[in-house]
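Q: Please take a close look at a single part of this model. I would like to see how one chain meets its partner, and what lies around that contact.

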Amino acid sequence: MTVPPICLDVRGVGHRFGARLLYRDISFSVGNGDVLAVTGHNGSGKSTLLKIIAGLLQPTEGSVELAMNGEVTPPSRRSNFIGYVSPEMALYQELTAVENIRFFGALRGQTFEKIDLREMLAHVGLKGRGSDRVGDYSSGMKQRLKYLIAIMHNPELLLLDEPGANLDVHGTRIVEQIIHERREAGFLTILATNEPEEELWAGCVIPVATV
Amino acid sequence: MGSSALKGTLGFLMVYVIYGAFNIAHGAIGFAEKGIAARIIFFHVPCAVYSSVAYMVATWYAVKHLWLLGGTNKSNTALEDSDYKSAAAMELGFLFCILATITGSIFAGVQWGSFWNWDPRETSIVIMLLLYASYHLLRTAFTTDPAKRARLSAVYAIIAVIPSIYLIWVVPRVLHTMHPTTTLSNPADTSLSYKLVLYPSFLAFTLLFIWLMQLRVSTMKLIEARRKRRLHAMEAQR
Amino acid sequence: MGRVRYSCCNGMNDQTWIQQALALFRKDILAETRTRVAFGAMGVFSFASLLLIALAMVGLKGVLIQNSSGQAVPAWNNSGKMSLLWVLLCFAAFAGLSHSFVYEEETGTASTLKLHMGPQAVYAGKLLFNTTVLLAVSLVITPMYMVMTGMDAGTLPMFFAVMLSGTASLSAVATVVAALAARARSTGALFGAVGLPMLTVLLVLIMNAARQCYIRSESAVQYLRPLTGIVCFGVLIVTLSAMLFHYIWED
């Protein structure tokens, strides 16, 4: 698989909630194979920055551009190239894991054979649990399923908010593996984290601080 | 027009209309109590008209608010301004709607012997009252986030235009009306002494509307400024 | 992910909003068959209201009143029954139709949807789902109501036209108000209080159209005019809602 040149350009981004200024003038530029960690204390706006990058939130200042092959993707289509794992993004509790996968796949035009599904589930350590309802899953298993759904369309940009949340040693190793494979393949990954071990996965670190 | 000139003209016109309603206009033939009852129209009709005009003004600013939001150059003051104007017009519409309902009901009581007749226009105006009330109810639900409140109440104001258009044009035709539609909408049928008071009365209510709008918008701005000052003080303490 | 090859590629990303809306609709139907919250709430609610109406009106059976032209007519007549059926459906809509939006907001799946699909597709999917559920409820409740109150259908084509256009317009209003109310903290109370005033106008139109079911008329215009009013109302609400939905749905 050949990966097109990716370039994420964050220019002078600042955000305020009502009268409260979170931060201002955050700028960086990353591309193929980069793994970036966004760090900062609780409430500093790491998650907000990820949402802004994903195009879910309009920044009050500055702009974010995701370019593919040198072409800037319009914000409305940006989410096609993005995978996102976040504690704020839940899956459907009353549906089974396979039904969740099929639904989110259908939104992107993906259809899956049974054998693919089995392989995908095994990849994140959920082998044989595909027909269980997500509501019956433990929080660590839900997190693994979120990973599966975030990477099943091979997104050029993967955003991970608290990547290790609720995961056991085995789960953390899977995440490490995913990040490693993406780096090798030339995809872009951004994590927002407070864990020193998770910071080590990243090639560079951007500290976010409240002004 | 300057603020004091506006207030002066408004004061003069209102005194004239109140005086004229009892001393210039003649008792109208065909109305109860030797035509005395008909004098309420100098206040009832402008109130009724402004209860719909206020809605149009509010919708105009709601559209402006969303249009500004969609634009590239977002200025916070312009956004807040359009939101306050929309909300202020909604409040005034609610006020005029209540006044029109009360004056109409008094007139109906004297003229037709019952304070409530389920006449189509009476039905329309209570539904209009309900629409205004639900707008203000929606606003109260978003006290913590002014931007969200402004956006969602603007959307509601625009969507509720459809029922209010139906209220003005369709509902009165659907239900049989007993309201004297022709007397006032056809100027030739209205006597000169009535025109002498009714037209200045419309002007007076227009000025009243503008003045109240200005007052309300500036109080809203003051309240918001105080809220922001408190927030900043809290930030500084931390 | 080098080692795992999935049966997809990045060229398949451009789904039309219609396909996305249908996927959302299928998902909602599937979830509804699991939980039956919306259908159950509306079904039980409207059945209880049906009983209440039937019981409250028992005393009116056989009572005659004078109409405006001096004739003696039954007090509890077909148009009265039809009007109350619509009041019932209206309340039923407000008992259950907010569920699909509130659920997405409360469980946090709303943000996931925002990442995966555009606001227009979400609106279309939810509108389709709400209309389907409301149609299903009225399909069950209306025959029960007719049996229990002895209501006639009158002119059948007109009756079906009123039921169909009325239900669709009703769900159009309820859907957009549900989306608005779901963004607030106190959704439940807000939903009914904000939505019912908008529905009052629609209800006046529907009751007017319903009266036509029981009036014998030679010209089709007599039937078409009240129907046009209802359909226009629904179409206008859907158009405006679709245009403004992204202001409601996105932050």
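A: What follows is a walk through the contact of chain A with chain C, then through its surroundings.

The model is a predicted one. Start with the contact itself. On one side, 39 residues of chain A take part, and they touch 34 residues of chain C. How much area do chain A and chain C bury between them? The figure is about 3600 Å². Carbon and sulfur atoms account for 57% of that area. The size of an interface is often given in this way, as the accessible area lost when the parts come together.

Now look for charges that pair up. The count between chain A and chain C is one salt bridge. Which residues form the salt bridge? Glu99(A) and Arg34(C) do, through their side chains. The N to O distance is 2.7 Å. Polar contacts add to the picture. Nine residue pairs are in polar contact across the interface of chain A and chain C, both residues being at pLDDT 80 or more.

Which elements of chain A supply this side? At least two residues each come from β6 (82-85), α3 (97-107) and α4 (114-123) of chain A. Of the elements, α3(A) gives the most, with five residues. Sort the side of chain A that touches chain C by class, and you get 19 nonpolar, 10 polar and 10 charged residues.

Next, turn to a helix of chain A. Helix α1 of chain A covers residues 46-54. Seven of its nine residues are buried, so the helix is largely enclosed by the rest of the structure. The buried ones are Lys46(A), Thr48(A), Leu49(A), Leu50(A), Ile52(A), Ile53(A) and Ala54(A). Just after α1(A) comes Gly55(A). The phi of Gly55(A) is positive, near 85 degrees.

Lys51(A) is not in that buried list. Lys51(A) counts as partly exposed because its relative accessibility is 24%, and buried means under 20%. The side chain of Lys51(A) meets that of Glu88(A) in a salt bridge, 2.8 Å from N to O. This pair links distant parts of the chain, 37 residues apart. Lys51(A) sits in helix α1, while Glu88(A) sits in the loop between β6 and α3 of chain A. Glu88(A) is partly exposed too, at 38% relative accessibility.

Two residues of α1(A) also touch a histidine. That residue is His15(A), and among its contacts are Thr48(A) and Ile52(A). Further contacts of His15(A) include Arg20(A), Tyr23(A), Leu57(A) and Pro59(A). Where does His15(A) lie? Its place is in strand β1 (residues 6-17) of chain A. Is His15(A) buried or exposed? At 4% relative accessibility, His15(A) counts as buried. A polar atom of the His15(A) side chain lies 3.4 Å from the backbone nitrogen of Thr60(A).

Now cross over to chain C. Helix α1 of chain C spans residues 17-35. Asp28(C) lies in this helix. Asp28(C) forms a salt bridge with Lys126(C), whose closest N and O atoms are 3.0 Å apart. Lys126(C) belongs to helix α6 (residues 119-149) of chain C, so the pair ties together parts that are 98 residues apart in sequence. Both residues are buried. The pair does not stand alone. Shared partners join Lys27(C), Asp28(C), Glu104(C) and Lys126(C) into one network of salt bridges.

Chain C also meets chain B. This contact takes 27 residues from chain B and 26 from chain C. The buried area is about 2500 Å², and carbon and sulfur atoms give 82% of it. In chain B, Ile159(B), Ile162(B) and Tyr166(B) lose the most area to chain C, together 24% of what that side buries. How many salt bridges are there between chain B and chain C? The count is zero. The rule does find seven residue pairs in polar contact there, both residues at pLDDT 80 or more. Helices α2 (41-70), α4 (120-140), α5 and α6 (161-174) of chain B each supply at least two residues of this side. By class, the side of chain B that touches chain C has 23 nonpolar, two polar and two charged residues.

Set the two contacts side by side. Chain A and chain C share one salt bridge, whereas chain B and chain C have zero. Carbon and sulfur give 57% of the buried area with chain A, and 82% with chain B.

Notes
Residues numbered from 1 in each chain as written. Chains lettered and ligands numbered in written order. Predicted model: local features only at pLDDT ≥ 70, side-chain atom pairs only at ≥ 80, totals over all residues. Heavy atoms only, no water. Contact = heavy atoms within 4.5 Å. Buried area = accessible area lost by both parts, 1.4 Å probe. Salt bridge = Lys/Arg side-chain N within 4 Å of Asp/Glu carboxyl O. Polar contact = N/O pair within 3.5 Å; in protein donor to acceptor, adjacent residues only side chain to side chain. Helix = DSSP H or I, 4+ residues; strand = E, 2+ residues; numbered from the N terminus. Nonpolar A, V, L, I, M, F, W, Y, C, P; charged D, E, K, R; others polar. Buried < 20%, exposed > 50% of the residue type's maximum accessible area, 1.4 Å probe, protein only. Lists of a residue's contacts leave out its neighbours within four places in sequence.
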